[in-house]
Each structure stands twice: as structure tokens, then as C-alpha cells.
Amino acid sequence: MRIAVAGATGNIGARTVAALEQAGHEAVRISRSLGVDLSTGEGLDAALTGVDAVVDATSHETADRDAAVAYFGTSTRNLLAAEERAGVRHHVLLSIVGVDRVEGNAHYAGKREQERLVAEGPVPWTIVPFTQFHDFAATVTSWTEQDGVATIPPLLVQPIAPADVADILAEIATGAPQGRYRDVAGPEPQDLVDMARRTNEARGHAVKLVPTWSSLLGAEMAGDVLLPGDDARIAPTTFDEWLAKPH
């Protein structure tokens, strides 16, 4: 199959391209750095020529709710319109477990808009909600670290390895559209503060962690809000196994 990956140079997108190619498919890379701009639609029609399916693994970091909704809305509309013109038969969206349960987070608001457009759009679709990735704790501490101190919210998560996310996206993209897919998570619940501590130790990175809720990740994410549903698909790689590998 010929499968396009939007966000192809990102954390998950690059791995999804590799997983598709390893399985013998042709992967088409869609990324602004490669001359295809989802915000303007530039280069999209050419990129999607002859494409059977599209995986949208794009991300956009902003703390501004309106900016997140605008970015995800515009890029998704452009992508779906180009897919319809090209006759693409399957749109696969990387989404987040619990995206409807968290109101105040800008990124989640953008992802909800993205989900809405895909579900109402012209291209048959599968939306796949994943839990946080194994590298999420390191990402959060990098946002707040200053002078050897980082604040981090005491979230309960059930993290998944980025490589497992890519493998599952590649698998789903090569099959028939399934609508809303079940939650996908890693094997074990973890405390985000502990994950950050263990990640820093494994990487030889000295930083003092201060557990606290923040404006980005507030108390509305506490408890089991970010955990997967009972019927979740469980990916194989544990946090310990991931941590033991070089990154």
C-alpha cells in the first residue's frame, strides 16, 4: 500500500514511517520541512497522489486554547479536503485517551476539534486514542526546568512506548476504517513524578523535582482521568524496558 504520514519528521511520525516501510509498504512523508504545509495546503495534492491511507500524527505545542483549535482545525480541514480530492480511502488519527474528560487543556481542545472534523468529514476514518508516551515525563520536566529545579504534576498515567504507538498506527492504517477505536495503553500504571525521577537517573540528568499542579496540567487530570478504559488494547513494552534502551 501507499500510505502518507502527516507529521512524518516527529516523534511518532518518523517511527510510523519506519514501521510501514519495514512491513513492505510505501510511506509518503508529509512535513513542512519537506515542503508540504498542512496550514496552507501547499504541496498536499501532489503528496497524496495515489495514496490509499493517511496517518495523521501531527502535533502542535501551544498553551493558547484558541491557537490550538485554529491550528488543528485548519490543518485537518486542508488534509481531509486534499484526501477527498485524491480518493484516499482511510484517514487514521492519533488521538489521546480521555480527551473529552479534560476541559481546561489547550492541546486537548485542539485534539477535540480535530476528532470532530475527522468524524464528520468525507473520508472513512479510524480515531485511535493513546495514553501518554514513555518519554512524556521527560518532556514535562523540560518545559519547567530552571536552575536545576523542575515542577511536575503528580499525574497517574499508563504510558506506552512510542515504537508501540507507531506499530499500532501502521497496522490500523493498512486495514479497513473502524471508526472510534478502543483505548490503547502501555502495560502498567505509573506515577509521573516517579517516571521523571527514574528517567533523569537513567540519563544521568540531575534535577530536583517539585510535585505540583500547573496551568498546563491541572488537577482536573488527577485520579483515573488519563487512564484507559476496561476494554483497552495493551501494548507490550513496559516503562522499565523502554528506559533500559539507549535514547
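This is a short walk through one predicted model, from its cores to a helix, a pocket and three loop residues.

Let's start inside. The largest nonpolar core has 26 residues. Within that core, V128, F130, V165 and L169 have the most contacts. Which elements give two or more residues to this core? They are β1, α1 (11–22), β3, β4, β5 (125–130) and α6 (162–173). The top contributor is α6, with six residues.

Take V128 as the example. Leaving aside neighbours within four places in sequence, V128 is in contact with V92, L93, L94 and S95. The list for V128 also includes L169, I172, Y181 and V184. Apart from this core lies another one, of 25 residues. Among the residues of that other core are A150, I152, M195 and L209. As background, nonpolar side chains in soluble globular proteins tend to be buried together.

Next, helix α3. This helix runs over residues 65–86, so look there on the model. It has 22 residues. From first C-alpha to last, α3 reaches 31 Å, close to the 32 Å expected at 1.5 Å a residue.

Look at the start of α3. A side-chain oxygen of D64 comes to within 3.0 Å of the backbone nitrogen of D66. Now go to the other end. Just after α3, G87 takes a positive phi of about 75 degrees.

Which residues of α3 are buried? They are A68, Y71, F72, G73, S75, T76, L79, L80, A82 and E83. In an α-helix there are 3.6 residues a turn, so residues three or four places apart point the same way. Keep that in mind when you read down the list. And what covers the buried residues of α3? The cover includes three strands, β1 (2–6), β3 (53–56) and β4 (90–96). It also includes the helices α2 (44–47) and α4 (106–120).

On to the pocket. The largest one has a volume of about 1,000 Å³. It is lined by 44 residues. Closest to its centre are T58, S59, E61, H107 and F133. Two or more lining residues come from each of α1, β4, α4 and α5. The largest share is from α4, with four residues.

Three loop residues to finish.

First up, N105. This residue is found in the loop between β4 and α4. Is N105 buried or exposed? It counts as buried, because its relative accessibility is 8%. Leaving aside neighbours within four places in sequence, N105 is in contact with L216, L217, E220 and M221.

Then T237. Its place is in the loop between β12 (233–234) and α8 (239–244). T237 counts as buried too, because its relative accessibility is 12%. The side chain of T237 makes a polar contact, at 2.9 Å, with the side chain of D164. Again leaving aside neighbours within four places, T237 is in contact with H134, A161, D164, P187, W242 and K245.

Last, D147. You will find D147 in the loop between α5 (136–144) and β6 (149–152). D147 counts as exposed, because its relative accessibility is 79%. Its phi is near 55 degrees, a positive value in a residue other than glycine.

Key: Residues numbered from 1 in each chain as written. Predicted model: local features only at pLDDT ≥ 70, side-chain atom pairs only at ≥ 80, totals over all residues. Heavy atoms only, no water. Buried < 20%, exposed > 50% of the residue type's maximum accessible area, 1.4 Å probe, protein only. Polar contact = N/O pair within 3.5 Å; in protein donor to acceptor, adjacent residues only side chain to side chain. Contact = heavy atoms within 4.5 Å. Expected span 1.5 Å × (residues − 1). Core = buried A, V, L, I, M, F, W, Y, C linked by side-chain atoms within 4.5 Å. 1 Å grid on protein atoms, 1.4 Å probe; cavity = no way out; pocket = protein on both sides within 12 Å on 5 of 7 lines; lining within 4 Å. Points joined across faces, edges and corners; volume = space filled by probe spheres on them.
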